[in-house]
Each structure stands twice: as structure tokens, then as C-alpha cells.
Amino acid sequence: MSAADEIIDIVDENDRVVARSPRGEAYARSLRHRCAFILARDAEGRVFVHRRTPTKLVYPSLHDMFVGGVVAAGESYDEAALREAEEELGVSGLPSPRFLFKFLYDDGAGRSWWSAVYEVRCEMPVSPQAEEVAWHAFLTEDEVERRLTEWEWTPDGLAAYERLKAYRSMG
């Protein structure tokens, strides 16, 4: 089954499930759905950063400081966060990602999804999915900040990252 055929929950502005749809149709019709964003850190606390493959349905070839993806129909945010983190990092036995906060992402052009932001420490070697990840590295926070103006990033990842920085500053 292709990613476009996966069935996902469609949600309203309050994150209540109102329908189900194949992912491809949800994207084509700009239906609001759910996503999990996981900031993965290595044993030294560096952030996993990657460039998406050119074959991705959304934001191909852009950089992202989060792993994650769309929550499947009937799946919880927590379940999706662990599944997506293990899939994209290419590991198993990851600790459960820690939920931080949730926000409604809206790009102003009709794309909108509820976004649950998590953090996880991955102390084992990663082997990212070749079909998802074209390049990856673990970068320090300072390196990530420097690259924000140099690289092209996923707009939703940037939005989540800005909110994460604000969340931490409220500490």
C-alpha cells in the first residue's frame, strides 16, 4: 500500500475526528488531519536533522529537525510518535517520546493539521529509511540555529521549532 492510500482520521478545529480518508485524498482536498513531530536527540544531546527525499508527498527535498508524520486512523498521537520515530530513525526499542505540547498548524494556503510535538533521546546508532531520508546528521542547537537561514526547511517543522523554543523559554 502506498502512503497516499493509508487511511487517516480527518479532524475539526478542535481536533475531534469527523471522518476518515485516504491520505492522498486528504492532501488533495486540504482536509485537516493529525501529525506527530518528534525532536530526536543523541546521547550528547545533539538534534537529528535530515533532508527529505525528493519522492515525499509533502515538502520533498526540504530539511527538517523533526522526525514524524501523519497519525493513522484510530491511532493515538503517542502511538504515532513512537512508530514514526522508530521508522524514520531505523531503530527499535526506543523509549516512548515525551509529549510537550500540541498546536494547529496552518500554512495560510489551505494546508492545516493538528501537530503534537514530542522529544526523545536515541542513544543507539540510527539507520534512517532510505525512502524517507536523503541525508542526515546530529547537529548541536547552535548548528541548527546557524542553518536556519542557510537551508530550506519544511514550513511546518519551522513552525513547530519556533513554538518549541517559546515553550522552553517559558520553562
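**Group meeting: a walk through a predicted model**

Let me start with helix α4, residues 155-170. At 1.5 Å a residue, its 16 residues should span 22 Å, and the C-alpha atoms at its ends lie 23 Å apart, which agrees. I should say at once that this is a predicted model.

Staying with α4, which of its residues are buried? They are Asp 156, Gly 157, Ala 159, Ala 160, Tyr 161 and Leu 164. As a general point, an α-helix has 3.6 residues a turn, so residues three or four places apart point the same way. The buried residues of α4 pack against four strands and one helix, namely β3 (33-41), β5 (63-64), β7 (98-106), β8 (112-121) and α3 (141-147).

Now the chain as a whole. The protein chain has four helices and nine strands. Read from the N terminus, the order is β-β-α-β-β-β-β-α-β-β-β-α-α. Its radius of gyration is 15 Å, close to the 16 Å that the globule rule gives for 171 residues, so the chain is as compact as a globular protein of that length. The C-alpha trace spans about 40 × 35 × 30 Å along its principal axes. Of the 171 residues, 47% are buried. Taking contacts with a separation of 6 or more, 62% are between residues 24 or more positions apart.

Next, the spaces in the model. How big is the largest pocket in volume? The value is about 500 Å³. Its lining holds 30 residues, and nearest the centre are Arg 23, Arg 52, Lys 56, Gly 68 and Gly 69. The elements giving two or more residues to that lining are α1 (23-28), β3, β4 (47-52), β6 (67-70) and α2 (77-89). By type, the pocket lining has twelve nonpolar, six polar and twelve charged residues.

There is also one cavity of 30 Å³ or more. The largest cavity has a volume of about 50 Å³. Around it are Ala 26, Tyr 27, Ser 30, Leu 31, His 33, Gly 110, Arg 111, Ser 112 and Trp 113. Two elements, α1 and β8, each give two or more residues to this lining. The cavity lining divides into four nonpolar residues, four polar and one charged.

I will finish with two single residues. The first is Val 120, in strand β8. Is Val 120 buried or exposed? Its relative accessibility is 5%, and buried means under 20%, so Val 120 counts as buried. Leaving out residues up to four places away in sequence, Val 120 touches Ile 38, Leu 39, Ala 40, Arg 41, Leu 94, Pro 95 and Pro 97. Ala 85 is 35 residues away from Val 120 along the chain, and their C-alpha atoms are separated by 8.5 Å.

The other residue is Glu 6, which sits in the segment before β1 (7-11). Glu 6 has a relative accessible area of 29%, so it is partly exposed. With residues up to four places away in sequence again left out, Glu 6 touches Met 1, Ser 21, Pro 22 and Arg 23. Arg 23 has come up before, among the residues nearest the centre of the largest pocket. Which residue lies 18 residues from Glu 6 in sequence and 8.0 Å away in space, C-alpha to C-alpha? That residue is Gly 24.

Key:
Residues are numbered from 1 along each chain as its sequence is written. This is a predicted model: local features need pLDDT of at least 70, side-chain atom pairs count only at pLDDT 80 or more; totals for chains, interfaces and linings use all residues. Side-chain values use heavy atoms; hydrogens and water are left out. The expected span of a helix is 1.5 Å times one less than its number of residues. Buried means under 20% relative accessible area, exposed over 50%, partly exposed in between (1.4 Å probe, protein chains only). Contact means heavy atoms within 4.5 Å. On a 1 Å grid over the protein atoms alone, a cavity is a set of points where a 1.4 Å probe fits but cannot get out, and a pocket is an open set with protein on both sides within 12 Å along at least five of seven lines; lining residues have an atom within 4 Å of a point. Grid points are joined across faces, edges and corners, and a volume is the space filled by probe spheres set on the points. Ala, Val, Leu, Ile, Met, Phe, Trp, Tyr, Cys and Pro count as nonpolar, Asp, Glu, Lys and Arg as charged, and the others, Gly among them, as polar. The radius of gyration is taken over C-alpha atoms; the globule rule is 2.2 Å times the number of residues to the power 0.38.
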